[in-house]
Amino acid sequence: MNPMDRARLLPWTGPGGKPCYLIGGTGTGYVSRLADRMEAEQMESAADLIEEARRILASCTWTPGEIHLLAYDLNDALTEVHRVSESRGARLQQMVDDLDAEDEDDDGGDGASAAA
């Protein structure tokens with residue numbers, strides 16, 4: 001199995017905006033816990049920004065500069081939330097694949113079940 005198949009996409013980027021991955025581990029180590037905390041903070045920030053955007057847009061007294069800044073901040077938040085959703089989706093798929101593999105092993109590896 002390719003180690004990248006089980007790599008975790010981390011919630012930050014490296015030089016040049018390239019994705020960072022955590023390869024191996026149990027998901028309970030220092031870097032995993034740090035990534036979990038950062039993901040939670042990013043999701044909370046995005047929720048706060050949504051409320052701020054609603055307030056600004058509802059006031060109908062915004063300036064073009066405020067709208068530009070809001071669009072910039074929303075883009076950053078959406079980029080972070082998208083990365084979190086990709087990472088969590090990939091980890092969910094790994095869990096499903098692992099469960100399917102366990103089921104196949106329980107069935108003798110061929111996926112067939114014995115009839116009574």
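V31 sits in helix α1 of this predicted model. With a relative accessibility of 32%, V31 falls in the partly exposed class, because that class lies between the 20% limit for buried and the 50% limit for exposed. V31 does not stand alone at the surface: together with Y30 and L34, V31 makes up a nonpolar patch there. The accessible area of these three residues comes to about 260 Å².

Helix α1 itself covers residues 30–59, which is 30 residues. How well does the span of α1 agree with 1.5 Å a residue? At that rise the helix should span 44 Å, and the C-alpha atoms at its two ends are indeed 44 Å apart, so the two values agree.

Other parts of α1 are turned away from the surface. The buried residues of this helix are S32, A35, E39, Q42, A46, L49, A53 and I56. So what covers them? Among the elements doing that job are both β1 (8–13) and β2 (19–22), along with α2 (64–106).

Some of these buried residues turn up again in the largest nonpolar core, which has 6 residues: A46, L49, A53, I56, L70 and A77. Two elements, α1 and α2, each give two or more residues to this core, and α1 gives the most, with 4. As a rule, nonpolar side chains in soluble globular proteins tend to be buried together. Within the core, I56 is worth a closer look: leaving aside residues up to four places away in sequence, I56 touches W62 and L70.

Just past the end of α1 comes C60, which lies in the loop between α1 and α2. C60 has a positive phi of about 55°, even though it is not a glycine. That stands out because most residues other than glycine have a negative phi. Is C60 buried or exposed? Its relative accessible area is 60%, so C60 counts as exposed.

Stepping back to the chain as a whole, there are 2 helices and 2 strands, arranged along the sequence as β-β-α-α. The chain has 116 residues, and 18% of them count as buried. Of the contacts with a separation of 6 or more, 54% are between residues 24 or more positions apart. As for the outside, the chain exposes about 8500 Å², with carbon and sulfur atoms supplying 58% of that area.

Definitions and conventions
Residues are numbered from 1 along each chain as its sequence is written. This is a predicted model: local features need pLDDT of at least 70, side-chain atom pairs count only at pLDDT 80 or more; totals for chains, interfaces and linings use all residues. Side-chain values use heavy atoms; hydrogens and water are left out. The expected span of a helix is 1.5 Å times one less than its number of residues. Buried means under 20% relative accessible area, exposed over 50%, partly exposed in between (1.4 Å probe, protein chains only). Contact means heavy atoms within 4.5 Å. Accessible areas come from the Shrake-Rupley method with a 1.4 Å probe; for residues, only the protein chains shown count as cover. Patches are made of residues with over 30% relative accessible area and no salt bridge: like charges are joined within 9 Å, nonpolar side chains (Val, Leu, Ile, Met, Phe, Trp, Tyr) within 5 Å. A salt bridge is a side-chain nitrogen of Lys or Arg within 4 Å of a carboxyl oxygen of Asp or Glu. A nonpolar core is a set of buried Ala, Val, Leu, Ile, Met, Phe, Trp, Tyr and Cys residues joined through side-chain atoms within 4.5 Å.
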